[in-house]
Amino acid sequence: MTQPGIPDRPPSDWTSRQAALQAMAERQLFFVGGAPRSGTTWLQSLLDAHPDISCRGEGLFPQELAAPLDALFARRREVIVAKNARVFAHGAGYPVPDQDHADHLLATGILLALQQQCGARQVRAVGEKTPENVFAFPRLLRLFPRARFLVIARDPRDVLASAWHFFRNEPGSGEAEKWAFLQAALPSIAEGARMAIAFATAHPEATLSLTYEGLLADPHGWGARLFAFLGVDADPAKVAACVDATSFRSMSGEAMRRGQGSGNGSFFRAGRAGGWQDTFDARMGALIQRELDWMFDHYGWLR
């Protein structure tokens, strides 16, 4: 007889759920990251357009799953250690949870989310895009050793111009607000780029890096490379269909039909390279270039 408050489910329900998660883990998992406004959503949409790929975003795994779990386990370790010292000093006390326990629950939470994301689709490759994934790539690789990682980078002057219009530009904003915005944003962009480059260098077989400018110039070539990297059909006709469905014209046109426009606050705003000069003056551009000069060398952007 079922006890009050306990659902009447057979023990095999949990077991079957775990089996389904194991099956999900055996698909080709992947994670997309890059600076906000660097093309991560365009990349995610291109991937999700393929019939054998599911890539919907954003799952926010680093900030809304990993960080709370780590805090929960840190607190639990602290409380158990204190209880053991106060009450169970005569014996071994209760085992203190390892970091591995938090990792296990994090992996389970990610797989549950990816399973929900796929629904009934029997796709070969399953992934998720959150820009901040670049900071979590090493941990994600530890959790999922067969996973693949996609990094997209964009001229930081265009990244910051797009971010200014999407996040910060408000009536009355002027030059002082732009300077403050740049100085606050530059360290995070630098840190994320350095971590992404270091990860790609350490794990070249698991990582594919591309630029917004490269994808803009050759979407069909990069589409084929991306699909092949994830082990799905890269037939030219299939690549062309995905590229056409996720072109800036198609995506911004849909946004316009929804009334989102293409100005300040619009997600799909310009869709071109080199437009930062419409937002920042030469001195601001020089600041960005001076602080992130090494990125220009690495990715081959024109100064």
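Two strands are said to pair if DSSP finds at least two bridges between them, and helices (H or I, at least four residues) and strands (E, at least two) are DSSP runs, numbered from the N terminus. The model is predicted, so local features need pLDDT of at least 70 and side-chain atom pairs count only at pLDDT 80 or more, while totals for chains, interfaces and linings use all residues. Residues are numbered from 1 along each chain as its sequence is written, and side-chain values use heavy atoms, with hydrogens and water left out.

**Exercise 1. Work out the strand order of the sheet and place helices H2 and H4 against it.**

Step 1. Begin with one pair: S2 and strand S3 (residues 125-129) run parallel and are joined by four bridges, and within this pairing Ser54 has Val126 in S3 as its bridge partner.

Step 2. Continue with S1, which is joined to S3 by five bridges in the parallel sense, with Phe30 partnered by Gly127 in S3. S1 is also joined to S4 by four bridges, again parallel, and here Phe30 stands opposite Arg148 in S4.

Step 3. Assemble the whole: the five strands form an open sheet in the order S2-S3-S1-S4-S5, with parallel pairing. Strand S2 (53-56) and strand S5 (207-211) are the edge strands, each pairing on one side only. From one strand to the next the twist averages 20°, where axes are lines fitted to C-alpha atoms, for helices over the stretch in contact, and angles run from 0 to 180 degrees between N-to-C directions.

Step 4. Add the helices, taking contact to mean heavy atoms within 4.5 Å. Helix H2 (residues 40-48) packs on the sheet and touches strand S1 (28-33), S2, S3, strand S4 (148-153) and S5, its direction making about 150° with that of S2. Helix H4 (residues 99-118) also packs on the sheet, touching S1, S2 and S3, and its direction makes about 110° with that of S3.

**Exercise 2. Decide which residues of S1 and H2 are buried, and how the side chains of S1 are directed.**

Step 1. Fix the cut-offs: buried means under 20% relative accessible area, exposed over 50%, and partly exposed in between (1.4 Å probe, protein chains only).

Step 2. Apply them to S1, where six of its six residues are buried. In a regular strand the side chains alternate between the two faces of the sheet. In S1, Gln28, Phe30 and Val32 point one way while Leu29, Phe31 and Gly33 point the other way, and all are buried.

Step 3. Turn to H2, in which eight of the nine residues are buried; these are Thr40, Thr41, Trp42, Leu43, Gln44, Ser45, Leu46 and Leu47.

Step 4. For contrast, take Ala237, which lies in helix H10 (residues 236-245). Ala237 counts as exposed because its relative accessible area is 52%.

**Exercise 3. Find the unusual backbone geometry in the loops on either side of S2 and H2.**

Step 1. Recall the background: most residues other than glycine have a negative phi, and most peptide bonds are trans.

Step 2. Examine the loop between S1 and H2, where Arg37 is found. Although Arg37 is not a glycine, its phi is positive, at about 75°, and Arg37 counts as buried because its relative accessible area is 12%.

Step 3. Examine the loop between S2 and helix H3 (61-87), which holds Glu58. Gly57 and Glu58 are joined by a cis peptide bond, with omega about 10°. Leu60 is placed in that loop between S2 and H3 as well, and has a positive phi of about 55° without being a glycine; at 28% relative accessibility, Leu60 is therefore partly exposed.

**Exercise 4. Locate the ring cluster and the charged ends that sit over rings.**

Step 1. Set the ring rule: rings of Phe, Tyr and Trp (its six-membered ring) pair if their centres lie within 6.5 Å, with planes under 30 degrees apart counted as stacked, over 60 as edge-to-face and the rest as tilted. The count by this rule is ten aromatic pairs, and ring pairs link Phe31, Phe137, Phe144, Phe149 and Phe199 into a cluster.

Step 2. Set the charge rule: a charge sits over a ring if NZ of Lys or CZ of Arg is within 6 Å of the ring centre and within 35 degrees of the ring normal. The charged end of Arg37 sits over the ring of Phe166, 4.5 Å from its centre, and that of Arg148 sits over the ring of Phe229, 4.6 Å from its centre.
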